[in-house]
Amino acid sequence: MAAVIKLENVHKTYHTGEVDVLAVRGVSLEIASGEFVAIMGASGSGKSTMMNIIGCLDRPTEGRYFLDGTDVSHLDRDELAAIRNKKLGFVFQGFNLLSRTSALENVELPMLYTHDHVPAAQQRELAMHALQIVGIADRADHHPNQLSGGQQQRVAIARALVNSPAVLLADEPTGNLDTRTSVEVLGVFQKLNDEGITIVMVTHELDIAAFTKRNIIMRDGLVVNDTLVERRAVAEVELRNLQQAQQAVKLSA
Amino acid sequence: MKIGATLRMALRALRRNKMRSTLTALGIIIGVGAVIAMVGIGNGAKSQVEAQIASLGQNVVLVFAGNWSSSGARSGWGGAGTMTVDDALAIGREIPGVITVSPEVRDRQQVLANGLNWNTQILGEGPDYLDIRQWVLTDGAMFTDQDVRSTAKVCVIGKTIINQLFPSDDPVGKVVIIRNIPFKILGVLTPKGLSVMGTDQDDVIIIPYTSEMKRVSKRTNLSSINVQSASPDVSDSVQRGISDLLRQRHRLGQNRDDDFTIRGQQEITDTFTATTNTMTVLLGAIASVSLIVGGIGIMNIMLVSVTERTREIGIRMAVGAHGRDILLQFLIEAIMLSSVGGVIGIVLGVGSAELLSVWKQWPMVISASSVIVAFVFSAAVGVFFGFYPARKASRLDPIDALRYE
């Protein structure tokens with residue numbers, strides 16, 4: 001299968017103060033279409049920097065990055081913005097929805113910045129479709145403060161999906177959620193992945209990484225481990241287990 | 001990104017902080033309102049002065065008898081008794097571009113009529129005087145060349161004379177006694193109001209200059225000559241021609257000063273409009289300061305807004321907003337604030353100007369151009385003071401912006 005993401009000897013150095021910080025020190029990596037990858041590591045391992053580079057929010061100081069076949073390592077700010085708009089979908093730990101703006105309008109947001117203008121009616125249709133995919137179409141008119149954390153994250157996923165990106169990037173998507181909601185959100189990711197969407201997720205929790213297909217572990221700016229997940233956790237099963245466990249607690253009480 | 005979507009977005013952002021938006025716009029409202037009202041007052045004063053100057057007549061050149069000195073004593077203006085009726089007639093005959101002249105003698109006399117008396121100005125004039133001054137009669141007729149030749153005892157009178165001497169009946173055909181000589185009233189003048197200098201132009205009795213010189217004041221020289229030139233363009237050449245002619249007729253040598261003074265209407269107009277223009281500019285400048293302060297208010301609020309919405313900017317950039325999209329978004333918010341403030345300011349400025357003109361009886365002239373300029377200027381204030389904060393927003397790094405708490 002063709003590589004959607006291809007990193008060739010990528011370095012990232014930050015010049016802050018007198019000491020140069022070598023955040024990423026030569027990473028080569030290929031992620032094929034349809035993969036579900038977790039990038040793991042302790043804080044300071046360089047995983048966030050990697051995420052920013054993969055997400056075209058930042059450029060490598062050295063090395064090359066091919067996204068969906070095109071070299072994006074030397075594009076300027078505006079060109080990167082266009083790439084983010086077309087090829088990438090972001091899901092953040094803090095949801096990052098626009099407050100006092102309905103779920104539907106939040107999902108429409110990326111289409112506002114699409115180069116080829118999408119008519120308003122079609123924008124609405126596409127946004128509703130994305131909300132249906134994540135199972136929250138009935139809350140389209142709600143504002144973020146009227147939604148639970150899990151629901152907000154679903155809206156964020158819908159927003160990430162709406163421009164049919166090549167890759168969905170998730171940065172600690174379950175960091176602000178309780179276990180049960182986390183599993184639900186991971187279920188959404190697994191469903192999307194089953195439908196062929198490539199997902200790259202940054203996390204520092206092993207049991208979250210267990211829901212993906214491939215784990216990449218980073219330390220000190222280098223990839224130290226890159227393995228396929230053998231016994232993949234399935235969200236539906238885990239959810240059922242959680243329910244049973246809860247019921248058991250109730251019965252024993 | 002489409003401009004319609006940007007406008008809607010800006011409107012929503014401004015509505016989100018109603019109180020803050022209102023207060024920010026208030027700075028512009030007061031600024032624009034002040035500019036409109038102040039310039040209205042200035043232009044009102046100017047139009048009033050212009051109307052007064054127009055009451056002088058059309059294309060008038062005034063020739064005054066000048067200064068005369070004898071063994072060190074100087075007579076002051078009008079003291080030189082050298083200007084004659086022949087001078088006036090020569091001007092009318094010989095200088096190209098002169099339409100007509102009216103020799104003028106001024107005098108003050110106690111006049112009697114109807115058992116009442118009044119001290120007023122007696123003007124001895126030619127029959128064309130009213131044409132020169134663009135003065136019309138409400139009633140009756142002007143005296144004629146024939147009256148001038150025959151030193152007829154006839155006159156036309158101003159409104160003030162009627163008020164003082166004929167409070168209740170029609171004066172035309174009646175008699176007014178000047179220096180024991182009865183003058184028949186031929187006509188009544190339309191009121192002209194105050195002159196540029198503030199004197200009552202209607203407090204006057206006009207009689208033929210011949211009658212004035214031979215019967216009333218018994219003098220042989222003129223106070224001044226009213227000259228009407230064909231157009232404002234020839235005014236300068238007419239003035240030069242009069243000067244040359246009079247110097248020649250009065251036999252003034254190279255080193256002698258003029259014994260007359262010539263004033264074109266344009267000069268008088270220029271002097272007074274320069275004064276009122278200065279006033280308008282001054283008032284406008286003072287008001288503009290408040291507009292600039294309003295602009296700084298917008299800049300301040302937009303900077304706060306950019307800081308507050310750093311995360312929003314980050315989100316928008318992450319999903320693909322270009323720097324210019326963000327720039328446009330914040331710039332349009334600033335322009336919207338300032339131009340909505342501008343429109344309300346215009347309404348308020350026009351309203352308060354109207355109120356002042358009714359209440360204080362001040363003349364107000366609010367021109368369409370001053371309204372348009374005020375609006376464009378207020379929008380420009382938005383662009384100018386909104387640009388820096390908007391640019392700051394557009395230059396944010398998306399990674400830092402997303403992490404901003």
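In strand β11 of chain B, the residue that serves as bridge partner of B:Val60 is B:Gln228, in a model that is predicted and in which local features need pLDDT of at least 70, side-chain atom pairs count only at pLDDT 80 or more, and totals for chains, interfaces and linings use all residues. Residues are numbered from 1 along each chain as its sequence is written, while chains are lettered from A and ligands numbered from 1 in the order in which they are written. Strands (E, at least two residues) and helices (H or I, at least four) are DSSP runs numbered from the N terminus, and two strands are taken to pair if DSSP finds at least two bridges between them.

The pair just named belongs to an antiparallel arrangement in which five bridges join strand β1 (residues 60-65) of chain B to strand β11 (residues 224-229) of chain B. Strand β1 of chain B is also joined by five bridges to strand β12 (residues 260-264) of chain B, again running antiparallel, and in β12 of chain B the bridge partner of B:Phe64 is B:Thr261. An automatic or database domain assignment divides chain B into domain 1 (3-52 + 271-403) and domain 2 (82-258). The centres of domain 1 and domain 2 of chain B, taken over C-alpha atoms, are separated by 56 Å.

Chain A contains an open sheet of six strands in the order β6-β7-β8-β3-β9-β10, with mixed pairing. Its edge strands are β6 and β10 (222-228) of chain A, each of which pairs on one side only, and the twist averages 20 degrees from one strand to the next, with axes fitted as lines to C-alpha atoms (for helices over the stretch in contact) and angles running from 0 to 180 degrees between N-to-C directions. Within this sheet, strand β3 (residues 36-40) and strand β9 (residues 214-219) of chain A pair in the parallel sense over four bridges, and A:Met40 has A:Ile217 of β9 as its bridge partner.

Strand β7 of chain A runs parallel to β6 of chain A, to which four bridges join it, and A:Phe90 stands opposite A:Leu169 of β7. Five bridges join β7 to β8 of chain A, also in the parallel sense, and A:Asp171 has A:Val202 of β8 as its bridge partner. Five of the five residues of β7 of chain A are buried, so the strand is largely enclosed by the rest of the structure; a residue counts as buried if 20 or more other C-beta atoms lie within 10 Å of its own, as exposed if 12 or fewer do, and as partly exposed in between, with C-beta atoms placed from the backbone. In a regular strand the side chains alternate between the two faces of the sheet. In β7 of chain A, A:Val167, A:Leu169 and A:Asp171 point one way and A:Leu168 and A:Ala170 the other way, and all are buried.

Helix α6 (residues 179-194) of chain A has 16 residues that should span 22 Å at 1.5 Å a residue, which agrees with the 22 Å between its end C-alpha atoms; the expected span is 1.5 Å times one less than the number of residues. Buried residues of α6 of chain A include A:Val183, A:Leu186, A:Phe189 and A:Gln190, and what covers the buried residues of this helix includes α5 (149-161), β7 (167-171) and β8 (198-203) of chain A. Just after α6 of chain A, A:Gly196 takes a positive phi of about 105 degrees.

Most residues other than glycine have a negative phi. A:Cys56, which is not a glycine, nevertheless has a positive phi of about 60 degrees; A:Cys56 lies in the loop between α1 (47-54) and β4 (62-67) of chain A and is buried, with 25 other C-beta atoms within 10 Å. A positive phi, near 65 degrees, is also found at A:Phe95, which lies in the loop between β6 (88-91) and α3 of chain A and is buried, with 23 other C-beta atoms within 10 Å.

A further open sheet of chain A has four strands in the order β2-β1-β4-β5, with antiparallel pairing. Strands β2 (19-32) and β5 (70-71) of chain A stand at the edges with a single partner strand each, so one side of each is left without a neighbour in the sheet.

Between the chains, 20 residues of chain A are in contact with 18 residues of chain B, contact requiring that the C-beta atoms of two residues, placed from the backbone, lie within 7 Å. On the side of chain A that touches chain B, α2 (77-87) and α3 (103-112) of chain A each supply at least two residues, and α2 of chain A gives the most, with six residues.
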